[in-house]
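Me: I would like a close look at a single part of this structure, the surroundings of one enclosed helix. Please describe what covers that helix, and then follow the charged pairs from there to other parts of the chain.

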Amino acid sequence: MTRRVGVEEEFLIVDPAAGHPVALGEVLQRVAEFPNLSSEMKQEQIETCTLPRLALADIAQDITAGRRNADALARLAGARAAALATSPLPVDSTVAPGERCGRLMERYGLTAVEQLTCGCHVHVEIESDEEGAAILDRIRIWLPVLQAIASNSPFWNGADSGFAGYRSQAWNRWPTTGPNEIFGSAAAYHSHVRQILGSGVPLDRASLYFDARLSDHHPTVEVRVADVCLFADDAVLMAALVRALAETAARQWCEGVSPVPVPTAQLRLASWQASRFGLESNLIDPMAGEPRPASDVLAALLHHVRPVLVEQDELETVELLLFQVMARGTGAVAQRRAFAYAGGLPGMVAQTIETTALPASAVRGRHDQVLEPDQTAGSTPASVKDPAARPASGPATGPVCGQPPEHGTGTALLDNQTL
């Protein structure tokens, strides 16, 4: 099947001249005027959400429009939106209004106070929780590879961190982050969630920050390992690869192919390697657990999902997007290059603002509907989060492959909604 996919991107709000993050303040009250935008835990951030889409061209169009809408909101505060996964310059971030944000600050102390990172989250629709758990079990070994492709956070607190993707180092200070063991069933997944919540450490279900998880609000698997991508094309690539991995995993489950039993400790090592070097050095081979050239690991990933990409007529596009990343470098490489050219972090940030605004070019929709910066009044509000709770999962035995979802509404829950 061709699964619908949606992308959430978090952006840093920055002063275009000085480069430091800027709190949106009262401007946040106008967020509903902009299609598919929502606030985050800190006022120096904004999030965009695409609609659930089948065609990559539509995803590319939505990502481009979302970035322009985010920038339009930022301009109201005299700032700009930048696809930076961490702030290159020092910042004392500002908590967004709301009881939950206050409780997060109280519960997690300095971890929450200093938290200001921006990720790219990809949702792929599933037919049931049982299928979703099977997908989680089979894509887990490939997530560090996606993390390396999307690495876009080399600078932290005014200095080069030495990492390609330092965001994960800061993000993993939260107690519920990282990879999970193989679940084997939806019942085991939900039991794991109940056990963690029962510890009293997470504030709530929304505080379960696994690398990949079942969404509580949509019938989707949500993959959360990627930095927000500097280039819109790379966000499209994330959507394509996550969808292909999910479909490949679902087919393996239906065919009785067991997950590769890689220990969670090994996945943490692979994730650290991806964070440290991106694509500039070896990656950990997902199967062998040994270092291999990044190009070889990317070739293995492409080989793994090739049948699905061929069937969905996306192989040529994904090959092009992957080649583009290898040729020009990741966002981390681009940031360091811009820093060297500009001679400082403010100039580098100014360059990332312009790069963020570039449309997705390798895959384009026929229409590029965006909200212009001065066109805020009268725009159609859009709900970013579905307020309805995710339906309860069915029996632990799960459905037969290809049967309708257990919760009986199919994927209609995704229709005309954001993820």
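Reply: The cover over the buried residues of helix α4 includes α5 (143-149), α7 (186-198), β8 (212-214), β9 (220-227) and α8. In this predicted model, 11 of the 11 residues of α4, which spans residues 129-139, are buried, so the helix is largely enclosed by the rest of the structure. The buried residues include the charged side chains of D129, E130, E131, D137 and R138, and alongside these stand G132, A133, A134, I135, L136 and I139.

One of these residues, E131, belongs to a network of salt bridges that also links R3, E247, R251 and E311. Two members of that network, E247 and R251, sit in α8 where α8 meets α10, and E311 lies on the α10 side of that contact. Helix α8 (residues 232-254) packs against helix α10 (residues 294-311) at an angle of about 90°, the two axes being 9 Å apart, which makes α8 roughly perpendicular to α10. On the α8 side the contact also holds L241, A244, L245, T248 and Q252, while α10 contributes L301, H304, V305, V308 and L309 as well. Sorted by class, the residues of this contact are 7 nonpolar, 3 polar and 3 charged.

The structure as a whole holds 22 salt bridges, and some of them join parts that are far apart in sequence. R4 and E125 meet through their side chains in a salt bridge of 3.6 Å, taken from N to O; because R4 lies in the segment before β1 (5-14) and E125 in strand β5 (residues 119-125), the pair ties together parts that are 121 residues apart in sequence. Both R4 and E125 are buried.

A second pair is formed by E354 and R80, whose closest N and O atoms are 3.8 Å apart. This pair links distant parts of the chain, since E354 is in helix α13 (residues 345-357) and R80 in strand β4 (residues 80-82), 274 residues apart. Here the two partners differ in burial: E354 is partly exposed, with a relative accessible area of 43%, whereas R80 is buried, with a relative accessible area of 13%.

A further salt bridge brings together the side chains of D285 and R292, at 2.5 Å from N to O. D285 counts as buried at 7% relative accessibility, while R292, at 29%, counts as partly exposed.

Note on methods:
Residues are numbered from 1 along each chain as its sequence is written. This is a predicted model: local features need pLDDT of at least 70, side-chain atom pairs count only at pLDDT 80 or more; totals for chains, interfaces and linings use all residues. Side-chain values use heavy atoms; hydrogens and water are left out. Axes are lines fitted to C-alpha atoms, for helices over the stretch in contact, and angles run from 0 to 180 degrees between N-to-C directions. Helices (H or I, at least four residues) and strands (E, at least two) are DSSP runs, numbered from the N terminus. Angles under 35 degrees count as roughly parallel, over 145 as roughly antiparallel, 65 to 115 as roughly perpendicular and the rest as oblique. Contact means heavy atoms within 4.5 Å. Buried means under 20% relative accessible area, exposed over 50%, partly exposed in between (1.4 Å probe, protein chains only). A salt bridge is a side-chain nitrogen of Lys or Arg within 4 Å of a carboxyl oxygen of Asp or Glu.
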